[in-house]
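Colleague: I'm new to reading models like this one, and words such as "buried" or "core" get thrown around a lot. Could you walk me through where they come from?

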Amino acid sequence: MEQALIEAKNIHKDYPLKKKSLFKKPEVIKAVRGISFSLYKNESLGYVGESGCGKSTLSRLLIMLEKPTSGEVLYKKKNIHQTTKTGMKQLREKVQLVLQDPYLSLPSWMKVGDIISDPLKIHQKTMTAKQRRDKIIGVMTEVGLEADAFDRYPLSFSAGQRQMINIARAIVLDPEIIILDEAVSALDVSVQASILNLFSELKDKRGLSYLLIAHDIGVVRHMCDRVAVMYLGRIVERGSNADIFENPLHPYTQALSTAVPSIDGGLTQKALDVISGEVPSPINIPIGCSFRSRCSKALPACEKETPRLIRINETHEVECHLFA
Amino acid sequence: MKSVAVTNQDRNAKFSEKKQPILQVDGLSVRFYTRRGIIQALRDVSFSMQKEQVIGIVGESGSGKSVLALSILNLIDKPGEIMSGNILFNGQDLLQLNEKAMNAIRGSRISMIFSDPMSAFDPTLPVGDQLMETIVRHHKEINRKDAREMAIDLFRKVRIPSPRRRLDEYPAMFSGGMIQRAMIADAISSNPELIVADNPTQALDVTIQQQILELLAELKRRQGTTLILITNSLPILARYADEIIVLYAGGIVEHGTKEAVFARPSHPYTRGLINSTPRIRGRRLKRLKTIQGFTPSRVETDITSAKCVFLDRCDLAMETCRRRLPGAVWLGDTAIHYSKCFLASELNQTSI
């Protein structure tokens, strides 16, 4: 089988809270609770879930902004959290990140050309100014920016164009993997569509792999080859695009895909499966299934035992007692 | 199918056949005077709505959605100005009222739900106190104890669990969904005839978004509230609106029953919006069809320019579109459906 670019093995991330008493152990937020996955070349893997499910912690772990509490992340079989500083620098070249907010993610005092050239200055020290400029103009054209944007400030661009600048900055080092953390969720639909098309083009042309993190299941369905549904730090279901969207098994996945209104079904469809309640606190998560408090199909077993990941077919896995 | 371009008088005649609308907006134009120039935030916006109707207003950022919401409550302040138009609420022109008379309507007969409920509440006071303040304002004779009971009742209505305890908590102790519920409780405390909801679920998670929208739909069924639902999401309107108004660059480009707008979208912009929305059902497309270009800058040099506002982004633009402003073309496929495009009738007949 093909070698995975990134392999995550049972990663956990805890954030201890401030001690309330000298004599007690501090409470812990369990942001990520045992996630394993592989990301292969030229595929896009989607993570979908609501706020607080650990999506963004996951992306921070992958670009080495955080260290996992336990478990390991391998990039081409090397543990990324146990490398030297130079090793880490090399890795960062290959894994890039595009964030959600097109306003906050660009320094307003820098010209677009300088913003895109910073990664080159850090990682490709041998490049001459001329080479850098050519390279930058190249990627700017690739994402659809005019060359005259080079000397302008981010302020003079619309949200969609700013996201293009972000993308140009991400691809200028020719990475293998781009993590898209809600990269289109702040954009208007018509602009969002062109940015999504740009992602598809870049993927085909550059053989990129994406790890796409989003709450909008429409975007995930459109973009991703494989999809994982996260709830409270765990993957509750994962499978191919068709597995998740045509045959969702976990009650949470089902609720997500029927509760969200869609243009096609909206006219006749009634929201039958509105899930009640909210995501419980990630502090002191009780044993058993973490979705049980909101689940309409909860069994007695859901309170006692944490469900295990159950294999439905080659690609499709679900963590739910209903399928045990 | 026959389609005729209709003038304003004709449309008014069409409306007057029905019973008196609860809200009638006629020829509303709003400008903002900024240092960079004049922004025409709304241009000649007209629509009317009947009691217990849900009208959905959809548009992208900068289309004038929020300005429209604020205009209905007569809340446009300097540097903005309502240039022309009438807003008739039960036959009474809100723009002619003095501040005192308007204050008697605002928040009591017409309420508003904002997209950012956290900033609508004062962080230094318990939510219950703020809710009771609204209640006391609308029910002058009420004593504190009854006001509190009423607040508890409202919290129950919007399904906030353990309402008694929640009343004494501060806004920061509420989650995004819960504070939006509290905001809705505040908005319905006076039994308003009309609620204007400006992007009420913008910052919320999908499951919570669903809960809030279902709550609004339920209030409409139970109390017969009329609702203006402003959003940038077409799928939400597909489920919750009766009629849809599509705003682009401050003007209505298409208005129709939701069945008509989704089944036979007749303006290139509406079609573009529908096409660029990623679907959760049906065939997966390799590429989404997009609308070329970006939303135009709203600072205008030539405010009176007579050309189609969508011209620069339209695939179907013709010579006429450059020279004349397209008027409303009534399509006659449902009781109400018009599009401001020279090709409206042709588009109406062409599947998307």
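Colleague: Let's start with helix α9 of chain B: how do you know what span is expected for its 18 residues?

Modeller: One thing before that: this is a predicted model. Now the helix. The expected span is 1.5 Å times one less than the number of residues, and for α9(B), residues 206-223, that rule gives 26 Å. From first C-alpha to last, α9(B) reaches 26 Å, so it is close to the expected value.

Colleague: What comes right after α9(B)?

Modeller: B:Gly224 follows, and its phi is positive, near 65°.

Colleague: Which residues of α9(B) are called buried, and what covers them?

Modeller: The buried ones are B:Val206, B:Thr207, B:Ile208, B:Gln209, B:Gln210, B:Gln211, B:Ile212, B:Leu213, B:Leu215 and B:Leu216. Their cover includes α8, β8, β9 and α10 of chain B, and also α9 of chain A.

Colleague: What makes a residue "buried", though? Take B:Val253.

Modeller: You count neighbours. A residue is buried if 20 or more other C-beta atoms lie within 10 Å of its own. B:Val253 has 26 C-beta neighbours inside 10 Å, so B:Val253 counts as buried.

Colleague: Where does B:Val253 sit, and which residues does it touch?

Modeller: B:Val253 is in strand β11 of chain B, residues 251-257. Leaving out residues up to four places away in sequence, B:Val253 touches B:Val246, B:Tyr248, B:His267, B:Tyr269, B:Thr270, B:Phe310, B:Ser339 and B:Lys340. Then there's B:Val45: 208 residues separate it from B:Val253 along the chain, yet their C-alpha atoms are 9.7 Å apart.

Colleague: Back to that other α9, the one in chain A. What makes you call α9(A) mostly covered?

Modeller: Eight of its nine residues are buried. They are A:Pro251, A:Tyr252, A:Thr253, A:Ala255, A:Leu256, A:Ser257, A:Thr258 and A:Ala259. The cover over them includes α7, β9, β10 and α8 of chain A, plus α9 of chain B.

Colleague: So how many residues of the two chains are in contact?

Modeller: 37 residues of chain A are in contact with 36 residues of chain B. On the chain A side, α6, α7, α9 and α10 each supply at least two residues. The largest share, eight residues, comes from α6(A). By type, that side of chain A divides into 17 nonpolar, 15 polar and five charged residues.

Colleague: Why is chain B described as being as compact as a globular protein of its length?

Modeller: You compare two numbers. The globule rule gives 20 Å for 352 residues, and the radius of gyration of chain B is 21 Å, which is close, so the description fits. Chain A passes too: with 324 residues a compact globule would be near 20 Å, and chain A has 21 Å, which agrees.

Colleague: What share of each chain is buried?

Modeller: In chain B, 47% of the 352 residues count as buried. In chain A, buried residues make up 44% of the 324.

Colleague: And what makes something a "core", and which residues touch the most other members of the largest one?

Modeller: A nonpolar core is a set of buried nonpolar residues joined through C-beta atoms within 7 Å. The largest one here has 173 residues, and A:Ala168 and A:Val229 touch the most other members. Helix α8 of chain B, residues 176-188, gives the largest share of that core, eight residues. A second, separate core has nine residues, including B:Tyr338, B:Cys341, B:Leu343 and B:Leu347.

Colleague: Last topic, strands. How do you know that β1 and β4 of chain A pair?

Modeller: Two strands pair if there are at least two bridges between them. β1(A) and β4(A) have five, so they pair, in the antiparallel sense. β1(A) also runs antiparallel to β2(A), with nine bridges joining them. A:Ile6 has a bridge partner in each: A:Tyr75 in β4(A) and A:Leu39 in β2(A).

Colleague: In which sense do β7(B) and β8(B) run?

Modeller: They run parallel, joined by four bridges. One of the pairs is B:Met112 with B:Val196 in β8(B). Along β7(B), B:Ile110 and B:Met112 point one way, B:Ser111 and B:Ile113 the other, and all are buried.

Key. Residues numbered from 1 in each chain as written. Chains lettered and ligands numbered in written order. Predicted model: local features only at pLDDT ≥ 70, side-chain atom pairs only at ≥ 80, totals over all residues. Contact = placed C-beta atoms within 7 Å. Nonpolar A, V, L, I, M, F, W, Y, C, P; charged D, E, K, R; others polar. Rg over C-alpha atoms; globule rule 2.2 N^0.38 Å. Buried ≥ 20, exposed ≤ 12 C-beta atoms within 10 Å, placed from the backbone.
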